[in-house]
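Q: Could you pick one part of this model and walk me through it closely? I'd like to hear what sits where and what it packs against, in plain terms and without too much ceremony.

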Amino acid sequence: MTAMVEERVSRIKEIVCDILEIEPEEVTQTSLFKEDHNADSLRAIEILASLEKEFDVTIDQSELPRMVNIEGVYAVVAESAGWN
Amino acid sequence: MTETANRVVITGLGVVSSMGLGVDAFLAGLRAGRNTARPITAFDTTGFDHANGCEITGFAARDWIRTLNPDELGRASQFAVAAARMAIDDASLPVERLRGSRSLVTIGTTDGESRDLDSLVETEVGQGPQAMDPVVARRVPAGRLSAAVAREFGLTDTEAVTIPTACSAGNYAIGYGFDAVRGGEVDFALAGGADALCRKTFTGFYRLGTIAPERCQPFDADRKGILTGEGAGVLLLESERSALARGARIYAVVLGYGLSCDADHPVAPNQSSVARCMRLALDNSGVKPEEVDLISAHGTGTKANDVTEAGAIHQVFGDRPPRTVSLKSMIGHSMGAASALASIGCALAITEGFVPPTINHERTDPEIDLDCVPNTAIDADLTVVQNNGLAFGGNNAVTIFGKYPERAA
């Protein structure tokens, strides 16, 4: 991971942890928001909204099914922001 | 109680809607299938990619509110009082007579005076709490929607109660009014719903991805969500005996209603609970499913609502459900007023012998498979009409209306 990617991942993680009210060490790249961290659909939208603000992107809600863990969220944000 | 129960009839209608003020403008709009969507002006919509709504223009509170100071009422309360005055006038019921009778005032709402909360918060953020207007702050409690009606007309032998069951609240209020008149507890009931377009509700629905970019297309394969609206609908209910004794015009009979609570998801509708609600309403009304000529659906135009509601209709009505239309295609989602305005639409459909259309319709979602009377009203002799109201929180209320007098058996 480049420093830039690491920074972005860590910022995404912060946002997710803040919304799900959990500690960063509880979350892995692939732990599932819903199944492992008790997220619901409204929290998912909250995460989406915060990411839009933070990274100044627009994320279509049809992407929500992919945004189930940090890895998935990063992929969606990266596409929207043109990081790849 | 069944043997002595009163027959409950509708003798007055009051309408504040994006179609216009009064029952005539509403009727004309429903017949014409008028689309009332346009860019929202109630608040600054900068930053939203799209912001259409069904707003009311040209409402002058002073034309309708004569006893109270309109400035002391929030917009939703103003709508409620105006619609109540229209209903009383429409019923040719002298206010003195109403004042001397036992009455019920019941207004349903989603947001109460959230529009005032919007502006108070804006003031607080922009200028600090000391700048907040105490007159505006005093307008906020939702109980004032119904209390304002009682105060405006000087009704003291009344129960004034606001029902906060959101998007089905108008039907809850009509159901409550029905019970009160039917059981002889009151002589007259003013029952309906009111809401004012507000930033909070628009933004909330927008964030959920449920605001349509331009127009509301219930049951369409390409539907994109709701448009927020506003208004008030108030029905004057009394017993058949009372109406006949004073020679009042009768629009329709309230046959009954049903309520159900999903006790499930905060926003997703629950098909079996909606079906249960319709069955309860039919049972309460003594009506068989095959006797229903028309359903006025909740029909918000969201993906989730329309497919779930249609599924419930197929569950209750089988392979050949009645025509099912959505007034929200024309007037948007007026929240607490929605099912009250739709009930008024049902009463007018019965009296005037027509089916209001579902406009903005191109192709019915095959998963929905209902005749939604696309785009153009049709003439029809209607005996029994059902009105669905479904709300966030899983509060469902269905009302059933019948032609008066019925055809000879």
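A: Let's start with one pair of residues in chain B: G53(B) stands opposite T228(B), which belongs to strand 8 of chain B. Keep in mind that this is a predicted model. The pair belongs to the contact between strand 4 (residues 52-54) of chain B and strand 8 of chain B, which run in the parallel sense and are joined by two bridges. Zoom out a little and you get an open sheet of three strands in chain B, ordered 3-4-8, with mixed pairing. Its edges are strand 3 (38-39) and strand 8 (228-229) of chain B, each of which has a pairing partner on one side only.

Now for where that sheet sits in the chain. Chain B is split into domain 1 (8-245) and domain 2 (255-401). Taken over C-alpha atoms, the centres of domain 1 and domain 2 of chain B are 20 Å apart. Contact between them involves 61 residues of domain 1 of chain B and 57 residues of domain 2 of chain B. On the domain 1 side of chain B, strand 4 and strand 8 turn up among the elements that give two or more residues, along with strand 1 (8-17), helix 1 (23-32), helix 7 (169-182), strand 7 and strand 9 (231-239). The most comes from helix 7 of chain B, with eight residues on the side of domain 1 that touches domain 2.

As for the record, UniProt has an unreviewed entry that places "domain: Ketosynthase family 3 (KS3)" at residues 5-403 of chain B. Over those residues of chain B, 35% is helix and 21% is strand, while the end C-alpha atoms lie 19 Å apart.

Strand 7 of chain B, one of the elements facing domain 2, leads us to another set of strands. Strand 5 (residues 103-108) of chain B pairs with strand 7 (residues 188-195) of chain B in the parallel sense, over six bridges. Strand 5 of chain B also pairs in the parallel sense with strand 6 (residues 158-163) of chain B, again over six bridges. A handy residue to click on is I107(B): T162(B) in strand 6 of chain B stands opposite it, and so does G192(B) in strand 7 of chain B.

What about the faces of strand 5? On one side S103(B), V105(B) and I107(B) are buried, and on the other L104(B), T106(B) and G108(B) are buried too, so both faces of strand 5 of chain B are covered. That makes six buried residues out of six, which means that strand 5 of chain B is largely enclosed by the rest of the structure.

Helix 6 (residues 144-153) of chain B has a similar story to tell. Eight of its ten residues are buried, so helix 6 of chain B is largely enclosed by the rest of the structure. The buried ones are R144(B), L145(B), S146(B), A148(B), V149(B), A150(B), E152(B) and F153(B); R144(B) and E152(B) are worth a look on that list. The cover over these residues of helix 6 of chain B includes strand 5, strand 6 and strand 7, as well as helix 2 (75-90) and helix 3 (95-99) of chain B. Right after helix 6 of chain B comes G154(B), with a positive phi near 65°.

One more stop, and it's a lysine. K328(B) lies in helix 12 (residues 328-331) of chain B. Is K328(B) buried or exposed? It counts as buried, because 28 other C-beta atoms lie within 10 Å, and the cut-off for buried is 20 or more. Leaving out residues up to four places away in sequence, K328(B) touches C216(B), P218(B), G299(B), T300(B), G301(B), H333(B) and A338(B). Y257(B), on the other hand, is 71 residues from K328(B) along the chain, and their C-alpha atoms are separated by 21 Å.

So if you're clicking along, a good route is G53(B) and T228(B), then I107(B) with T162(B) and G192(B), and finally K328(B) in helix 12 of chain B.

Methods:
Residues numbered from 1 in each chain as written. Chains lettered and ligands numbered in written order. Predicted model: local features only at pLDDT ≥ 70, side-chain atom pairs only at ≥ 80, totals over all residues. UniProt positions renumbered as here; feature names shortened; annotations may be inferred. Helix = DSSP H or I, 4+ residues; strand = E, 2+ residues; numbered from the N terminus. Pairing = 2+ DSSP bridges. Buried ≥ 20, exposed ≤ 12 C-beta atoms within 10 Å, placed from the backbone. Domains from an automatic or database assignment. Contact = placed C-beta atoms within 7 Å.
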